[in-house]
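User: I'd like a close look at one helix and its surroundings. Keep it brisk, please.

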Amino acid sequence: MNLAPLLLAFVAQEPLAWEELAPLPDEHGFAGSFAGATGGALIVAGGANFPDDAPWRGGAKAWHDRIFVLEGGSWRELDARLPKPLAYGVSVSWKDALVCAGGGDAVAHSDRVFLLRSREGGLETEELPSLPRPTAFGSGALLGDTLYVVGGIDRPDARAATRDVFALDLSSPKAWRELPPWDGPGRMLAVVGAQDGSLFLFGGVALVEGERDYLTDAHRYTPGEGWTRVADLPRPAAAAPSPAPALGQSHLLVLGGDTGELAGSDLRDEHPGFARGVLAYHTVTDTWRRAGELPEAPPVTAAAVAHGDGWIVPSGEVRPGARTPRVLRMSLGNETRPFGVPDYTVLALYFAALVGMGFYFSRRERSTEDFFLGGRRVPWWAAGLSIYGTQLSAITFMAIPAKSFATDWVFSLGHATILMAAPVVVGFYLPHFRRLKVASAYEYLELRFNRAVRLLGSGSYLLFQLGRMGIVLFLPALALSAVTGIDVNLCILVMGVLATVYATLGGIEAVIWTDVLQVVVLLGGALLSLAIIFLRVEPGAFEATVDAGKLHLADLDWSVASAGLWVVIVGNFFFSLVSYTSDQSVIQRYMTTADEKEAARSVWTNGLMAIPSAAIFFGLGTALWAFYRSHPERLSLGGRTDDVFPWFIAGEMPAGVSGLVIAGLFAAAMSSLDSSMNSMATAVTTDFYPLARPRSGDRERLRVARALTALFGVGGTGSALYLASLNSTSMFDQYLKVIGLFGGGLAALFAAGIFTRRANGPGVLIGFVTSAAVLWLVQRSGAVHFLLYAAVGVTTCFGVGLAASFAFRPRERG
């Protein structure tokens with residue numbers, strides 16, 4: 001039953017925008033030119049045309065060695081020339097150079113490969129290893145640093161196209177590798193593109209005894225895995241601009257091309273030109289869709305060059321025997337769905353509720369125990385939901401459906417390990433924390449070992465959270481901005497300011513109860529999304545998920561380098577152990593309940609929610625795959641895979657409902673921030689402030705805690721805004737990688753204290769440093785799957801720390 005007309009659907013605007021740049025300074029233009037970007041400039045070199053007259057009026061075809069450069073909006077012709085007149089080769093942009101491979105003229109085809117690079121107003125040529133065989137009319141693309149050249153013909157009078165696949169690592173260009181061919185006919189004039197870690201081959205022309213056969217088959221090559229057949233093109237496409245433009249993380253475009261419908265027709269000047277329709281292929285759902293049209297007189301046998309935030313198609317052939325000097329530039333149109341009045345209304349009411357909670361609980365925060373632990377009056381179920389909500393950040397809420405949308409369910413079983421960790425936490429850790437009545441988990445480390453271990457543990461936690469806060473605000477803001485059109489800086493400011501206000505006013509109680517509201521909204525939104533998808537997918541779409549392997553649950557692989565079943569289980573168990581035994585933001589929550597029994601219930605509540613919620617979110621990703629396989633035209637052309645669920649919420653849910661779920665996403669990001677703010681304030685006030693002010697009273701420390709909460713909120717918001725200005729997280733990613741080396745060691749400090757009597761302060765400090773060094777070496781080697789990093793850190797610190805403790809006088813447990 002199709003209920004689409006009953007639902008408010010997102011009607012996409014024109015997905016692509018086209019404009020004309022300054023034309024090439026040649027009245028005829030060229031077909032088969034090499035083109036690429038170097039030093040910020042666009043280079044067009046070589047090509048062929050009919051400079052005197054059309055071929056049916058006796059005009060002769062000419063090959064060229066001229067080179068043109070587009071800089072500052074205008075063209076100039078260089079004095080430099082190609083090594084010889086060439087056309088119909090492969091060209092790609094690599095770093096600061098244009099790479100040219102093969103090509104030919106009327107007499108012979110070439111195996112020559114060379115770089116063109118801008119140097120001080122001129123052009124530098126660098127020779128590269130020659131192709132194994134001469135090739136023209138082939139296709140190519142760059143995947144990472146490797147240039148692939150596919151198909152073509154080896155001489156002008158060839159009566160069959162090749163199935164050659166050549167590869168050259170440009171970062172170390174020693175020799176070309178010949179790879180196995182695809183399972184299909186040889187071809188020329190195909191479209192090749194790189195996306196999603198793979199090379200794609202679309203259409204082209206096969207030669208059967210010299211006659212052209214226009215193709216629709218498509219193939220995917222993944223390094224290390226080989227070729228697979230993918231969905232056929234909706235129509236033949238030959239000689240379309242290549243490499244295929246890659247948009248977002250999952251789309252490749254076929255820009256027009258020759259469909260072969262008029263092949264053999266003697267239309268001459270009456271030829272209407274080539275196809276204008278743009279086809280978009282989605283690498284995840286293996287589907288095709290229409291994506292608008294090219295301008296009138298679309299070119300073929302032209303290069304497509306990524307330049308800035310768009311793609312440029314310089315010159316080309318507009319009908320047989322006719323070229324154009326026109327230069328087209330393509331960019332993404334506006335794909336966002338502007339929020340309507342109902343959405344903004346719901347968003348405003350939700351935010352008002354959050355601030356209202358902060359004011360309400362502020363009246364109850366009279367001591368540090370109130371501010372840090374909620375006076376130990378939080379119900380066990382609310383504490384459990386808050387633990388769950390803390391772990392379910394906005395990034396996770398988007399990333400889990402995106403993971404199963406793009407791949408399968410292999411990572412889902414890892415969520416069951418929370419139930420494996422829960423009895424360990426409840427049986428061994430919880431009694432110690434509750435008996436000692438600690439506000440900061442790291443107090444235990446001083447009581448068991450010494451002050452240095454406590455400060456090391458607390459300091460490591462603080463450093464990690466300092467780097468994390470900006471990330472957990474910026475990445476969700478980026479996704480929300482992409483799908484709603486709200487400015488990313490405004491998203492960050494709204495989330496940062498609101499979280500700072502209610503966390504500063506209401507302390508941990510405001511944080512916990514806003515978490516509860518967030519969990520209800522997000523789980524409700526996920527279930528509603530599933531219902532909408534089930535009503536709108538095409539018959540057979542869910543059966544297709546099985547055929548595509550989307551429900552694959554486990555890999556029975558014993559390698560430490562891949563996500564085999566044992567790696568997923570062991571790795572996630574240790575990761576859960578790190579979170580639930582050494583993370584202040586989690587431990588603090590199960591310390592807010594009235595007694596140990598209720599604290600245990602809160603831990604079990606979170607653990608029991610993990611399995612059904614994993615099924616919901618992994619199932620949602622699979623359902624999104626089925627939905628967008630049925631409706632590929634509704635996907636965002638330029639979207640990231642991680643944005644697929646927010647995109648669905650904004651585009652497919654009824655007005656008002658989408659606003660509520662988007663509000664929940666805002667709240668999830670704020671939950672990550674407020675958790676960091678409150679737990680960091682707790683750690684600093686409890687672990688460090690008394691060292692500077694040992695005689696400070698509780699009221700003074702409460703004021704300090706509020707001030708620190710506000711300060712951390714401002715700092716987290718500021719770092720997110722800084723990331724937005726950079727439009728990159730690379731620097732912070734590296735920071736978190738370094739600080740993340742200590743997470744496993746931190747959990748091992750607690751484990752050594754609880755499970756052994758022999759471990760002592762000097763010994764565990766040695767183990768902590770050693771584990772960080774070992775984990776750094778493991779990460780650099782790439783020999784171990786990242787899921788095992790926590791296991792490596794915990795076991796190394798525990799083992800080395802215990803062994804080193806024998807060299808020091810042991811201290812009795814506190």
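How far should the 13 residues of helix α4 (residues 394-406) span at 1.5 Å a residue, and how far apart are its end C-alpha atoms?

Analyst: This is a predicted model, where local features need pLDDT of at least 70 and side-chain atom pairs need 80 or more, while totals for chains, interfaces and linings use all residues. Numbering starts from 1 along each chain as its sequence is written, and side-chain values use heavy atoms, without hydrogens or water.

Start with the length. Helix α4 covers residues 394-406 and should span 18 Å, because each of its 13 residues is taken at 1.5 Å (1.5 Å times one less than the number of residues). The end C-alpha atoms of α4 are 18 Å apart, so the model agrees with the expected span. Helices here are DSSP runs (H or I, at least four residues), numbered from the N terminus, and strands are E runs of at least two.

Now the buried side of the story. The buried residues of α4 begin with Ala-394, Phe-397 and Met-398 (buried is under 20% relative accessible area, exposed over 50%, partly exposed in between; 1.4 Å probe, protein chains only). Ile-400, Pro-401, Ala-402, Ser-404 and Phe-405 are buried in α4 too.

What do they pack against? The partners of these buried residues include one strand, β22 (275-282) (contact is heavy atoms within 4.5 Å). Helices α7 (451-484) and α8 (488-536) also pack against the buried residues of α4. So do α12 (596-630), α13 (644-652) and α14 (657-692).

Next, the aromatic rings. The structure holds 30 aromatic pairs (Phe, Tyr or Trp six-membered ring centres within 6.5 Å; planes under 30 degrees apart are stacked, over 60 edge-to-face, the rest tilted). Take Tyr-360 and Phe-361: their ring centres lie 5.0 Å apart with planes at 80°, so this pair is edge-to-face. Tyr-360 is partly exposed, at 42% relative accessible area. Phe-361 is buried, at 6%.

Two of α4's partner helices, α12 and α13, share another pair. The rings of Tyr-628 and Phe-648 have centres 6.5 Å apart and planes at 90°, so they too are edge-to-face. Tyr-628 sits in α12 and Phe-648 in α13, so the pair ties together parts 20 residues apart in sequence. Tyr-628 is buried, with 0% relative accessibility. Phe-648 is also buried, at 0%.

One aromatic cluster includes Tyr-461, whose number falls within the 451-484 range of α7. Phe-433, Tyr-442, Tyr-444 and Phe-750 complete that cluster.
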